[in-house]
Amino acid sequence: MSIDSRQVAAGLLEAVPFARTLGIEFVEVAPEAEGGVRAVVRLPDSPATHNHVGGPHAGAMFTLGETASGAVVLAAFAPVLDRAVPLAVRADIGYRKVAMGPVLATARLGRPPAEVIAELDAGTRPEFPVEVEIGTEDGTVTSVLTVVWTLRPNR
C-alpha cells in the first residue's frame, strides 16, 4: 500500500476546519503490516489551547486523537471512499496524567482493512476501532482514546 501523507493531511484539514483552528500538524501517515495504517499528529504547545493547569485542554486532546484516527481511516480506506462515507460512531477517552508542552497522538487501525472492505462489499455497514495513544514528545502516554468508525455506503 502506498500512502501520500501530504494528500491525507491536506484532505483532512480541508474537511475538518477545527483541526486547522487548533494548529494540528501531521507528522506521519504510514503503512503497517497486514494493510494497517499508523498516523502521528502533533498539537503544538499554545496558550490558546491550555486549560486551567497549563496543559492542553481536554477538548484539544480529544480533537488531536480523533484527527489522528481520521487520518488512519482516510489512508486505509481511500480506495472505497467513492462509495462510502467514513463516520465516527462513538469514542472513549481516558485521561491518565496532565500533558505539558507539545503533544503527539499515534493512531493505529484496529482491524485489517480487507476485513472491513469485505463487510462493506457484502452489503453491511462495518464498524472498526482505531486505537490512539496521546502523549508528550518524550513518549510519556497521557491519554488513550478509542474511536469506533463505520463506512456508510452511499445511496
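In this predicted model, strand E2 (residues 37-43) runs antiparallel to strand E4 (residues 103-109). The two strands are joined by 6 bridges. Within this pairing, Val 41 has Ala 105 of E4 as its bridge partner. E2 also pairs with E1, again in the antiparallel sense and over 6 bridges. Here Phe 26 is matched with Val 41 of E2. Val 41 is thus a bridge partner of Phe 26 and of Ala 105. E1 and E2 form a hairpin, with 5 residues between the strands. Glu 34 lies in the turn of this hairpin and has a positive phi of about 55 degrees.

These pairings belong to an open sheet of 6 strands. The strand order is E1-E2-E4-E5-E6-E3, and the pairing is antiparallel. Strand E1 (25-31) and strand E3 (84-95) are the edge strands. Each of them pairs on one side only. From one strand to the next, the twist averages 20 degrees. Strands of a sheet pair through backbone hydrogen bonds, in either a parallel or an antiparallel manner.

Helix H4 (residues 113-121) lies across four strands of the sheet: E3, E4, strand E5 (127-136) and strand E6 (141-153). The helix runs at about 30 degrees to E6.

Aromatic pairing was searched over the whole structure, and 1 pair was found. The pair consists of Phe 77 and Phe 128. Its geometry is tilted, with 4.9 Å centre to centre and 45 degrees between the planes. Phe 77 lies in the loop between H3 and E3, whereas Phe 128 lies in strand E5, so the pair ties together parts that are 51 residues apart in sequence.

The largest pocket holds about 220 Å³ of space. Its lining comprises 11 residues. Gln 7, Val 8, Leu 74, Ala 75 and Ala 78 lie nearest the pocket centre. By class, the lining has 7 nonpolar, 3 polar and 1 charged residues. Helix H1 (5-15) and helix H3 (58-76) each supply at least two lining residues. The largest share, 3 residues, comes from H1.

Methods:
Residues numbered from 1 in each chain as written. Predicted model: local features only at pLDDT ≥ 70, side-chain atom pairs only at ≥ 80, totals over all residues. Heavy atoms only, no water. 1 Å grid on protein atoms, 1.4 Å probe; cavity = no way out; pocket = protein on both sides within 12 Å on 5 of 7 lines; lining within 4 Å. Points joined across faces, edges and corners; volume = space filled by probe spheres on them. Nonpolar A, V, L, I, M, F, W, Y, C, P; charged D, E, K, R; others polar. Pairing = 2+ DSSP bridges. Axes fitted to C-alpha atoms, helices over the stretch in contact; angles between N-to-C directions. Contact = heavy atoms within 4.5 Å. Phe/Tyr/Trp six-rings, centres within 6.5 Å; stacked < 30°, edge-to-face > 60°.
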